[in-house]
Amino acid sequence: MMRLLELFVFAAVFNYISAATEVCTNSLLPGAKGDQGETGEEGDQGRLGKNGPSGPSGVPGEEGLKGGAGQAGKMGPIGDKGDRGDAGLEGPDGLKGKPGTTCDCGRYRKVVGQLDVNVGKLRNAVKFVKKVLLGLKETEERYYLLVKEPKRFREASVNCKLRGGSLAMPKTSNINGLMADYISKAGLTGVYIGVQAQSVDTNGTGSYLYTDSSPLQGFAAWSQEVVLNSTVSPTTNSSCVELLSTGMWAHVECEATMFFICEFTKKSRRGGGGGRGGRGNLQGSVAS
């Protein structure tokens with residue numbers, strides 16, 4: 001009995017499921033095609049696509065107009081030398097010149113040659129007089145003469161002026177060295193030079209000047225002893241200066257008698273009677 005009941009229930013459930021499947025199947029089937037709708041509005045422009053492949057070359061266009069001249073470029077390298085051109089036409093003859101005079105060229109050449117020989121001998125004689133007889137020292141601008149006559153400072157200064165010069169003034173280290181060597185080779189220890197005290201005050205001090213009234217600027221060769229003892233200021237007892245053979249300067253009394261050095265500018269000694277007189281005095285001093 002129970003068995004029959006189960007079969008009956010199973011049959012009922014099966015029929016119910018079959019009926020439900022048919023209903024669902026019928027509802028999912030598409031309907032008939034409807035009528036065509038109206039055309040919609042035009043949409044917005046879309047994004048550009050990728051560039052396509054290049055097309056074939058077009059037909060060449062017509063030739064354009066000639067452009068204006070551009071700016072001049074830089075100069076190029078110099079080219080090779082060209083071939084020589086043809087000779088020009090011969091020009092007309094010039095005017096006839098004046099007749100010349102007969103010249104004894106051989107005679108004049110002989111005279112000129114003898115003059116050259118005489119000039120050379122004269123130059124050698126002048127050098128001999130300056131360097132051997134007179135014992136002069138010289139630079140490009142001046143002569144220097146060591147006078148071996150003991151005199152006071154003022155007398156020595158006057159003596160140099162009478163010769164056409166002045167007491168030597170060593171204003172540079174080179175001139176000072178030349179004069180010191182001059183003194184040393186003469187076997188002397190010191191001589192007067194053209195440096196003197198300008199003035200001496202009540203304290204017994206003052207300043208030094210060259211004999212041409214120019215101050216001591218840029219060069220002075222005071223000895224170490226003078227620097228340590230007197231700070232290079234003149235006193236009433238030693239207002240003149242001597243140049244030592246070592247090249248140093250030292251104080252000396254102006255009343256002391258000493259040898260001295262005169263200097264002469266080369267331009268003034270090439271002058272007239274004063275220069276000739278000066279040379280005569282120079283020779284006389286050496287002879288004495």
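This report covers strand pairing, aromatic contacts, salt bridges and a surface patch in a predicted model.

## Basis of the model

The structure is a predicted model, in which local features need pLDDT of at least 70 and side-chain atom pairs count only at pLDDT 80 or more, while totals for chains, interfaces and linings use all residues. Residues are numbered from 1 along each chain as its sequence is written, and side-chain values use heavy atoms, with hydrogens and water left out.

## Strand pairing

Helices (H or I, at least four residues) and strands (E, at least two) are DSSP runs numbered from the N terminus, and two strands pair if DSSP finds at least two bridges between them. Strand E1 (residues 137–138) pairs with strand E2 (residues 142–151) in the antiparallel sense over two bridges, and a hairpin of three residues joins E1 to E2. Lys137 has Tyr144 in E2 as its bridge partner, and Tyr144 in turn has Glu263 in E8 as a bridge partner. The antiparallel pairing of E2 with strand E8 (residues 258–265) extends over seven bridges.

Strand E6 (residues 240–244) is largely enclosed by the rest of the structure, because four of its five residues are buried (under 20% relative accessible area, with exposed meaning over 50% and partly exposed in between, for a 1.4 Å probe and protein chains only). E6 runs antiparallel to strand E7 (residues 249–252), to which four bridges join it, and Leu243 stands opposite Trp249 in E7. The hairpin of E6 and E7 has four residues between the strands, and in it Gly247 takes a positive phi near 95 degrees.

## Aromatic pairs and charges over rings

The structure holds four aromatic pairs, where rings of Phe, Tyr and Trp (its six-membered ring) pair if their centres lie within 6.5 Å, and planes under 30 degrees apart count as stacked, over 60 as edge-to-face and the rest as tilted. One of them is the edge-to-face pair of Phe153 and Tyr192, with 5.4 Å from centre to centre and 80 degrees between the planes. This pair links distant parts of the chain, since Phe153 lies in helix H3 (residues 153–162) and Tyr192 in strand E4 (residues 190–200), 39 residues apart. Phe153 counts as buried at 5% relative accessibility, and Tyr192 is buried at 0%. The rings of Phe219 and Trp249 have centres 5.8 Å apart and planes at 85 degrees, so this pair is edge-to-face. Both Phe219 and Trp249 are buried, and ring pairs link them with Tyr208 and Trp222 into a cluster.

A charge sits over a ring if NZ of Lys or CZ of Arg is within 6 Å of the ring centre and within 35 degrees of the ring normal. The charged end of Lys171 sits over the ring of Tyr210 at 5.1 Å from its centre, and Lys266 lies over the face of Tyr143 at 5.2 Å from the ring centre.

## Salt bridges

The count comes to nine salt bridges, each a side-chain nitrogen of Lys or Arg within 4 Å of a carboxyl oxygen of Asp or Glu. Among them, Glu141 and Arg142 form one with closest N and O atoms 3.2 Å apart, and Glu263 meets Arg142 in another at 3.4 Å, N to O. Glu141, Arg142 and Glu263 are thus linked in a network of salt bridges. Within this network Glu141 counts as exposed at 54% relative accessibility, Arg142 is partly exposed at 27%, and Glu263 counts as buried at 7%.

## Surface patch

Leu5, Phe8 and Val9 make a nonpolar surface patch of about 320 Å². Patches are made of residues with over 30% relative accessible area and no salt bridge, like charges being joined within 9 Å and nonpolar side chains (Val, Leu, Ile, Met, Phe, Trp, Tyr) within 5 Å; accessible areas come from the Shrake-Rupley method with a 1.4 Å probe, and for residues only the protein chains shown count as cover. Phe8 is found in helix H1 (residues 2–27) and is exposed, with a relative accessible area of 60%.
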